[in-house]
Amino acid sequence: NGFHWISVWDHFYANPLQDRNNPCFEGVAAMSALAATTTNVRVGCLVFCALFRNPGLLAKAAATIDHISGGRADIGIGAGWFAEEFNEFGYGFPTLGERLDQLEEALTIFRSLIHEEETNFKGKYYDIRGAVCAPKPLNPGMRLWVGGRGKVRTPDIAARFGDGFNMPYLAPPSVADRLGRLRRRCDEYDRDPAEIETSVNVGFYLGDRQPDINPAGSL
């Protein structure tokens, strides 16, 4: 039907949080179902929360989903932000710096498991000893997206680890700032910024009347 890419999300509650009884399915299972019931569209997640699952488990799930889809999977990983779901499901809610530290470790492990024969890693949060991810994804170039809206560390992490960089719900000036920071970090790491796909989440509001638009052109 002309769609190129469809994403699920990784939340325990629908957001904005208005009613905890609003249906919200788990992300890995939802992405697996999407992979199994489509044939052409690329399937992804913007983004899995690094703190919700061991990165070895997520890498195994990603490889499995890629096989289910016939090589159409893209995986996004971020540090998480939704405090209520962290706290109420028993994860606690670490500081942003701690969440980003854990994200960096998780991305290191995930990339290694997907691309290397064997993974060994010891950090503050994870200790991986001789792990092997078999089978590898059908698509050896399965893209890994880094998601987040932070000004400093997030573009740096995307430049180091990402095949894609997703920025959720930022205004155009902020997007321009993040892209500039991404390009500068790519220069530092000797990467071509053109290798990294970029995307922005925007809200879509369907109504039965013409919206009022201010002179700046925003709703």
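Which residue of strand 8 does W145 stand opposite? In this predicted model, the partner of W145 is G164 in strand 8. That match belongs to a parallel pairing in which three bridges join strand 7 to strand 8, the latter covering residues 164-168. The two strands also take part in a crossover: strand 7, helix 5 (residues 153-161) and strand 8 make up a right-handed β-α-β unit.

Strand 7 has a partner on strand 4 as well. Strand 4 (residues 75-78) and strand 7 (residues 144-147) run parallel and share three bridges. Two of the facing positions can be named here: G76 sits opposite W145, and I77 sits opposite V146. So what covers the two faces of strand 7, and are its residues buried or exposed? L144 and V146 point to one side, W145 and G147 to the other, and all of them are buried, so both faces of the strand count as covered.

Zooming out, these pairings are part of an open sheet of five strands, arranged in the order 3-4-7-8-9 with parallel pairing. Strand 3 and strand 9 (197-201) are the edge strands; each has a single partner, so one side of each has no neighbour in the sheet.

Strands 1 and 2 make a pairing of their own. Strand 2 spans residues 42-45, and four bridges join strand 1 to it in the parallel sense. Within this pairing, S7 faces G44 of strand 2. With helix 1 in the middle, strand 1 and strand 2 form another β-α-β unit, and it is right-handed. I6 gives a residue-level look at the region. This residue is in strand 1 and is partly exposed, with 31% relative accessible area. Setting aside sequence neighbours within four places, I6 touches L34, V41, R42, V43 and G44. For V41, which is 35 residues away along the chain, the C-alpha to C-alpha separation from I6 is 6.9 Å.

Now for the nonpolar packing. In soluble globular proteins, nonpolar side chains tend to be buried together. The largest nonpolar core here has 51 residues, and the members that touch the most others are M31, I75, I77, L103, L107 and F110. Helix 4 supplies the largest share of this core, with eight residues. One of the well-connected members, F110, is found in helix 4 and is buried, at 2% relative accessibility. Beyond four places in sequence, the contacts of F110 are P55, L58, A59, A62, I75, I77, M142 and L144. R72, by contrast, is 38 residues from F110 along the chain, and the C-alpha atoms of the two are 18 Å apart. L103, another of the well-connected core members, has A50, I77, G78, A79 and I157 as its contacts once neighbours within four places are left out. I77 thus turns up in the contact list of L103 and in that of F110.

The aromatic side chains are worth a look of their own. A pair of aromatic rings is described by the distance of the centres and the angle of the planes. How many aromatic pairs does the structure hold? There are ten. In one of them, the rings of F12 and Y91 have centres 6.1 Å apart and planes at 25 degrees, so this pair is stacked. The two residues come from distant parts of the chain, 79 residues apart: F12 is in the loop between strand 1 (5-8) and helix 1 (27-36), while Y91 is in the loop between helix 3 (83-88) and helix 4 (96-115). F12 is buried at 18% relative accessibility, and Y91 is partly exposed at 35%.

F52 and F86 make a tilted pair, with 5.1 Å between the centres and 50 degrees between the planes. F52 is in the loop between strand 3 (48-49) and helix 2 (55-69), and F86 is in helix 3, so the pair ties together parts 34 residues apart in sequence. Both of its rings belong to buried residues: F52 has a relative accessible area of 8%, and F86 has 0%. These four residues join Y13, F89 and F93 in a cluster linked by ring pairs. One of the cluster members also has a charged neighbour, as R20 lies over the face of Y13, 5.3 Å from the ring centre.

Methods
Residues numbered from 1 in each chain as written. Predicted model: local features only at pLDDT ≥ 70, side-chain atom pairs only at ≥ 80, totals over all residues. Heavy atoms only, no water. Phe/Tyr/Trp six-rings, centres within 6.5 Å; stacked < 30°, edge-to-face > 60°. Buried < 20%, exposed > 50% of the residue type's maximum accessible area, 1.4 Å probe, protein only. Lys NZ or Arg CZ within 6 Å of the ring centre and 35° of its normal. Pairing = 2+ DSSP bridges. Right-handed = clockwise from strand over helix to strand, strands pointing away. Core = buried A, V, L, I, M, F, W, Y, C linked by side-chain atoms within 4.5 Å. Contact = heavy atoms within 4.5 Å.
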